[in-house]
Amino acid sequence: MLRVSNSHPDPETSPSLTPQGFLKDINYTAIASKAIAPGGYTKSFSNLQASINENGYLGLYTLTSYDTMQCQELCDSVDACTAFNIYIERDPTVKPAPACSNPPSTINYKCTLYANQVNSASATNTGQYRQKFQVVITGSNGYNKNAALPSYRNFTGPTELAGAIDAPDSSYIGFKFFPGGYDPSLCAATCQATTTYDQETASNGTYAPCNFFTSYVISIDSAPQGTYCAM
């Protein structure tokens, strides 16, 4: 199988490049603008000066170039990964310390993986100070996986809905919330465990089985919080 790379050559950098100069450098914005979405993914946002900061974080990788396909392959290698964020970061060449509080700079290409879909509202990490050295970010792109809805044993479906179900009280059993990445399998397991528990603890032989569930992501200010299961 031939792999067509979507990497871009490193732009020239200067050890004396200031944070402001780094953020204004059109070489970096051009790289992010030209980057295409890998097969099976959709671009969520492009060319921000901040990286994603949300629940569902699965790991960070430093790449040798701005390569969306390599970042996609890393995401595909993790079962729970549904999105990734790739960006360029101004980093110190050595760890800042009191004796060298503002060392020369270099650039790194970062790839972070997430279990939740990403959007521009969650891109709130603009960098930080390490001693007197300022870490800043540019060329930040986010990509979401166009994944098929998963199915689970002993359940039919799934069916994609426009919103949550407002079930009548007679059929509603309860809910469960799982912080972190979106994972409907937790809802399936909870539904089955609820049925088993109610059956084993029924005092008169009757019990209310969990016959179906809905799962969705609860967000606060567009930042995903976790998986909500209604049964």
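**Loops, helix faces and overall form**

Gln 131 is partly exposed, with a relative accessible area of 45%. That value, like everything else here, comes from a predicted model. As for its place in the chain, Gln 131 sits in the loop that runs between β7 (127-130) and β8. Its backbone has a quirk: phi is positive, at about 60 degrees, even though the residue is not a glycine. Gln 131 can also be paired with Pro 98, since the two C-alpha atoms are separated by 7.3 Å while the residues are 33 apart along the chain.

Pro 98 belongs to a loop too, this one between β4 and β5. With a relative accessible area of 73%, Pro 98 is exposed, because anything over 50% counts as such. Another loop, between β8 and β9 (175-179), holds Asn 154. Here again phi is positive in a residue other than glycine, with a value near 75 degrees. Asn 154 counts as exposed, at 64% relative accessibility.

Stepping back to the whole chain, the secondary structure adds up to four helices and eleven strands. The C-alpha trace spans about 80 × 45 × 25 Å along its principal axes. The radius of gyration is 23 Å, whereas a compact globule of 231 residues would come out near 17 Å. Buried residues account for 39% of the 231 residues. Of the contacts between residues at least 6 apart in sequence, 75% bring together residues that are at least 24 apart.

The surface and the charges can be summed up briefly. About 12900 Å² of the chain is exposed, and carbon and sulfur atoms supply 52% of that area. The chain carries 12 positive and 17 negative charges, and the mean positions of these two sets are 12 Å apart.

Among the helices, α2 (residues 26-34) has Tyr 28, Ile 31 and Ala 32 as its buried residues. Looking down the axis of α2, these buried residues fall within an arc of 95 degrees, so they line one face of the helix. Ile 26 and Lys 34 are exposed on the other side of α2. What does the buried set of α2 pack against? Its partners are helix α1 (19-24) along with the strands β1 (41-48), β4 (83-92), β5 (105-114) and β8 (133-145).

Helix α3 (residues 68-76) can be described in much the same way. Its buried residues are Thr 68, Cys 71, Gln 72, Leu 74 and Cys 75. Seen down the axis of α3, they fall within an arc of 160 degrees, so these residues line one face of the helix. The buried residues of α3 pack against β1, β3 (57-63), β4, β5 and β8. Strands β1, β4, β5 and β8 therefore turn up as packing partners for the buried residues of α2 and for those of α3, whose buried residues line one face.

Helix α4 (residues 184-201) is represented here by Thr 190. Is Thr 190 buried or exposed? Thr 190 is buried, because its relative accessible area of 15% falls under the 20% cut-off. Setting aside neighbours within four places in sequence, Thr 190 is in contact with Lys 176, Phe 178 and Met 231.

How values were computed. Residues numbered from 1 in each chain as written. Predicted model: local features only at pLDDT ≥ 70, side-chain atom pairs only at ≥ 80, totals over all residues. Heavy atoms only, no water. Helix = DSSP H or I, 4+ residues; strand = E, 2+ residues; numbered from the N terminus. Rg over C-alpha atoms; globule rule 2.2 N^0.38 Å. Buried < 20%, exposed > 50% of the residue type's maximum accessible area, 1.4 Å probe, protein only. Contact = heavy atoms within 4.5 Å. Areas by Shrake-Rupley, 256 points an atom, 1.4 Å probe, with all protein chains shown as cover. Lys, Arg positive; Asp, Glu negative; His and termini not counted. Charge placed at Lys NZ, Arg CZ, Asp CG, Glu CD. Arc of directions from axis to C-beta.
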